Amino acid sequence: MNGEALLHNGQPAFDPVRPLAFDATRPMDLVSVGRLCIDLNANETGCPMEDTMTFTKYVGGSPANIAIGAARLGLKSGFIGKIASDQMGRFIRRYLQVNYVDDSQVVDDHTGAVTGLAFTEIKSPQECSILMYRDNVADLLLTTADISEDYIRQTKALLISGTALAKSPSREAVFLTLELAVKHGVTVFFDLDYRSYTWKSDAETAMYYNLAAEKCDCIIGTREEFDRMEQLFNEAASDDQVTAERWFGHRAKLVVIKHGGSGSIAYTSDGQSHRSGIFRTKVLKTFGAGDSYASAFIYGLMIGETVGEAMKRGSASASIVISRHSCSDAMPTLEELNTFLQENEEIKELV
């Protein structure tokens, strides 16, 4: 366990600044499950996609980016997922290997499914969009038979994201990983990562998000993502404190609500809150910020930093990635992140 928590009746006392525990005896640090795809980022910026002629290929998908980001910072990172048995799938597997992400639980699909594609449009730093191709994608064909209980019991932390819940059989595979993580005392992070594609209705989205969130120790999302998740039972205006209290009634010990350029607030189950600001940077595009934030935030928590310190690290990583062309390739090394933190000042009290 991180930190010097006092013992009470043989159990670690709750530490509001280090609320999550990680079993140091386990060989894996963080295992992500879900989407592996290809990002094709526009090389011509400042124009609509209709006028864009060339793109650069990167590995993409929120859980993939987070796993890669965590590995770049030095965590022993792994992935559970399914890829197409084609050139794009081989590109993804090779990229994971080169970036020291364990791919032993990444399964090749042999049904003829394809790799999901995300074409990005960068009209301006404030106006970016993504055109998704997600029909018959391999990552949503992950099944319960592809999940290894032994692999999950060997990790300190598991990360899931919302997209993998959108369709069967991936949905059931994710819920099995959650059950096994709870069974073996694995700390679970839920990056909400809402994307409208593949979901059939708002009610379906909210239902499965809620069922998954009930089994998670830390939930991370934007205010808008939490609103979407809460729409079935909360008709009141958005309220961060109400949101946090709801999840503390289940397993959550830490709820992080992001407010874009205004920073973020993390709530702990003892009623305390922690605020982080932003770092000014020359923004190229907006996508990738959430993934880089999550990877560095989780890294900070896992090395024993306080919630506030980990949030600052996450904000710095987000600022680095939005100044670069890619998401996965842009994830900073530990040296880059520490240098950025030393040379730049966090702007707080914005939320």
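A salt bridge is here a side-chain nitrogen of Lys or Arg within 4 Å of a carboxyl oxygen of Asp or Glu. By that criterion, a search of the whole structure, which is a predicted model, yields 22 salt bridges.

**View 1. A salt bridge joins Asp146 and Lys82.** The closest N and O atoms of Asp146 and Lys82 are 3.1 Å apart. The two residues belong to distant parts of the chain, 64 residues apart. Asp146 is placed in the loop between strand 9 and helix 3 (149-153), whereas Lys82 lies in strand 6 (residues 77-84).

**View 2. Nine strands form an open sheet with mixed pairing.** The strand order is 7-6-3-10-11-12-13-14-15. Strand 7 (101-109) and strand 15 (273-276) each have a single partner strand, so one side of each is left without a neighbour in the sheet. From one strand to the next, the twist averages 15°. Strand 3 (residues 28-33) and strand 6 run parallel and are joined by four bridges; Val31 has Gly78 in strand 6 as its bridge partner.

**View 3. Helices pack on the nine-stranded sheet.** Helix 8 (residues 289-302) touches strand 3, strand 10 (155-161), strand 11 (187-191), strand 12, strand 13, strand 14 (264-268) and strand 15. The direction of helix 8 makes about 150° with that of strand 13. Helix 6 lies across strand 12 (218-222) and strand 13 (254-258), and runs at about 110° to strand 12.

**View 4. Four strands form an open sheet in the order 5-4-8-9.** The pairing is mixed. At the edges stand strand 5 (55-60) and strand 9 (127-133); each has a single partner strand, so one side of each lacks a neighbour in the sheet. The twist averages 25° from one strand to the next. Strand 8 (residues 117-124) pairs with strand 9 in the antiparallel sense over seven bridges, and Ser124 stands opposite Glu127 in strand 9. Helix 2 (residues 87-98) packs on this sheet, where it touches strand 4 (37-42) and strand 5. The direction of helix 2 makes about 65° with that of strand 5.

**View 5. Four residues make a nonpolar surface patch.** Met207, Leu211, Leu232 and Phe233 form this patch of about 350 Å². Leu232 is found in the loop between helix 6 (223-230) and helix 7 (240-248).

**View 6. Residues 1-11 have pLDDT under 50.** The protein chain averages a pLDDT of 92, and 94% of the residues score at least 70. For residues 1-11, the model has 17 contacts beyond four places in sequence. Where pLDDT is low, the predicted coordinates should not be read in detail.

Conventions: Residues are numbered from 1 along each chain as its sequence is written. This is a predicted model: local features need pLDDT of at least 70, side-chain atom pairs count only at pLDDT 80 or more; totals for chains, interfaces and linings use all residues. Side-chain values use heavy atoms; hydrogens and water are left out. Patches are made of residues with over 30% relative accessible area and no salt bridge: like charges are joined within 9 Å, nonpolar side chains (Val, Leu, Ile, Met, Phe, Trp, Tyr) within 5 Å. Accessible areas come from the Shrake-Rupley method with a 1.4 Å probe; for residues, only the protein chains shown count as cover. Two strands pair if DSSP finds at least two bridges between them. Axes are lines fitted to C-alpha atoms, for helices over the stretch in contact, and angles run from 0 to 180 degrees between N-to-C directions. Contact means heavy atoms within 4.5 Å. pLDDT is the predictor's confidence in each residue, from 0 to 100.
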